[in-house]
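User: I should like to learn how burial and helix geometry are read from a model. Could you begin with the general idea and then turn to the case at hand?

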Amino acid sequence: MTETKLDTASAKPPRTTSGPGMLGRWGAFMAGRTRAVIGIWLLVLIALGAAAPSVFTSLAGAGWQANGSESVRARELAQQHFGGNSSAAVQVVIHSDTATIGDPAMARVVEQATAVFAGDERIGQVIAPQPGFTISPDGHTGIVIAGANASTDDMVKAVDEHKAALTALSKDGIEVYPTGASALWSDFNVANHDAMIQAEMLSWPVTLAIMVLAFGSLVAAGLPLLLTLAGLVASAGGLVLLNQITPISVWAMNFAMMFALALGIDYALFLVARFRDALARTGDPRAAVAETMDTAGKAVLLSGLTVLVSLSAVLIVPAPAVRTMAVGIMLAVVFVLAATLTLLPAVLGALGTKINAAALPYARRQQHRSPVFARWAQILHKHPWPFAAVALAILIGLAAPVFGLKTAMPSIAVVPTDAPVRQGYELITEQMGPGAPGMLSIITPTADAAATETIARASDGIVMLTPPQLAADGADVVMMQAMPAVDPSAPQMAEILDQLRADLPADAVVGGAAAENLDLQQALDDYLPIVVAIILVLGFVLLLIALQAPLIAALGTLVSLLSTAAAFGVAKLIFQDGHGAELLGFTPQGFLDGWGPVFFFAMIFAIAMDYTVFLLATAKEHYERSGDPHAAHLDGLAHSGRVIFAAAAVMVAVFFTFALADPLPPKEMGIILGVAVLLDALLVRLVLLPVILRLTGHAAWWSPAWLTRVLPTISFAHH
């Protein structure tokens, strides 16, 4: 098959000047000042490392809300006027199979539970169990409500502190469980933290083994891990300090740990592999560092910027937890990128030939230009269409289920069955009805109280309504609690809430934990297309700036979107439909967690573009040198294929270890991201993109003259 023909006047490699570019000179500067660079990093790590150990205890535990929503306004009104009887209040479930709430033994436990909260300024009014509202019909279960007098994050910390004292009251046939939204996040954060630590401990040895196989040298393999560790420590300390300014979700550190490990190793792999090749040719460590930074260093910098840009789009979503998760990853990427561009070249310059120390026998024959991937590139060159058809068929087939994907906020099933919050939740459901854990708070002006009560009682899906409660501070508003007929996570809950809001007087607001979840889900759904559009546009623009070629920048962006869609299609099959659920050890909820599409899309697309930059930057380097698209296609894959394969293997290993977690959200995260990387590396970067380069020829690198004048000149070739 012949190459695509094109007037190559605008596709010729740009004219370059001799000598290293700015990044190459920067690398040589770092390599010449090893002691100073390492000394500065040690000071940074000591300063930030001092704060790092407290990262999981100091970060915020909640923030899952849609800022400005009706449910958040209802919570604020409840905390201001009704003693904190809001969605953030702590509910203490007290139950006995033999005694009732009025019995002396149960009454003593109620008093003891109330006393636990004494003196805690975060707790507002403590309300004892009340007949018809917080006492079950048979009298065997009662709920003590400890009102919220602080932010949702502080209420989660209050539960953290009082949980042990409350559960310790369980004795002599009486069970005591803290529950409610604040307790839910408290128990879930503990389970999530344990799962993340377990996954990290499993991933490190697996990662090291893959690195040794990829590099064939213990020193070369260990260097990326040390670099990543520096980025992790710095980002952990940075998050603790940032939390002093604005609350940061504890999930931010979980994601930061994972991304710092995955991306840090990616970047170090790319640079170390290139350094070893340059060192073998030049024999001069400083010159080798300059060449490495002038070529692979540019790709890493542009890749890091692409990741940051993709994640920055998530910041427009008005949900504190989602925003701060993005901030956590971005902070980790910044530190890892800083270490990659400063500490790594300094250490490489100091190590020199020692980078190959403790090498395995086969490593001495290892070349940067992989013969295996060179042969694979030749196969793709000779038979582009069959391989492209198979890859596209697999990706499109896996992406098809995404059109039936359903999302919702997590149910109680995301916490372990032995967690106090779940045991309390199930007791309330069993004793008081499925809708009892999802009570809706209705707050309305006093003048509308009668009309609001009449409408709410007659509303479909509402099975119980408490009488209007006057404001504790004398404000001209009243509050009623409405019990829905269904479980808070049931699909019908949204219809009940929407109908109730539509029927009530205009000044009435409806809140509660279930309403907050539904409002957050609506916000996530509303912002998803905006986030996707921003990420696609900014990703294309960055690729265009990096490659100076509109066609390959557009195609690179589109194939990244295809692998992302395929990953979500697999997520639908596993987590919504339940295929493989028994093997993976979870019970499907019938939907994907609501924050998944927005957040995972940004993460997956960032990773996909990471590999896109590595492959296309290498191909562009060879095109700039030769002006031959055939050489660019073959050598691009031959020189980057092993690194992409090894980096993908590391990422898949890191992500799939999270599939072993008990809580469902980390399991979702690990499997979705792991599948995304697997599909992206094997089918997109190592098949589709090389085939696209083969079929487009010179057109891949063509740019109109006016665009060339507008864009900054970026060259990946070292001269």
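Analyst: A residue is called buried when its relative accessible area is under 20%. The model shown here is predicted.

User: Is Thr618 buried or exposed?

Analyst: Thr618 has a relative accessibility of 5%, so it counts as buried. Thr618 belongs to helix α20, residues 596-626. Beyond its neighbours within four places in sequence, Thr618 is in contact with Phe270, Val613, Asp635, Gly636, His639 and Ser640.

User: How many residues of α20 are buried?

Analyst: Of the 31 residues in α20, 29 are buried, and the helix is thus mostly covered.

User: How does one read the length of a helix, and what span should α20 have?

Analyst: A rise of 1.5 Å a residue gives an expected span of 45 Å for the 31 residues of α20; the end C-alpha atoms lie 44 Å apart, which agrees. Just after α20, Gly627 adopts a positive phi of about 70 degrees.

User: Which residues have the most contacts inside the largest nonpolar core?

Analyst: A nonpolar core joins buried residues of nonpolar types through side-chain atoms within 4.5 Å. The largest one here has 213 residues, and Phe255 and Trp595 have the most contacts inside it. Helix α9, residues 250-282, gives the most to this core, with 24 residues. Another core, of 20 residues, lies apart from it and includes Ala456 and Leu497.

User: With which residues is Trp595 in contact, leaving aside its neighbours within four places in sequence?

Analyst: Among them are Trp64, Trp251, Phe255, Met409, Phe600 and Pro665.

Technical notes:
Residues numbered from 1 in each chain as written. Predicted model: local features only at pLDDT ≥ 70, side-chain atom pairs only at ≥ 80, totals over all residues. Heavy atoms only, no water. Buried < 20%, exposed > 50% of the residue type's maximum accessible area, 1.4 Å probe, protein only. Helix = DSSP H or I, 4+ residues; strand = E, 2+ residues; numbered from the N terminus. Contact = heavy atoms within 4.5 Å. Expected span 1.5 Å × (residues − 1).
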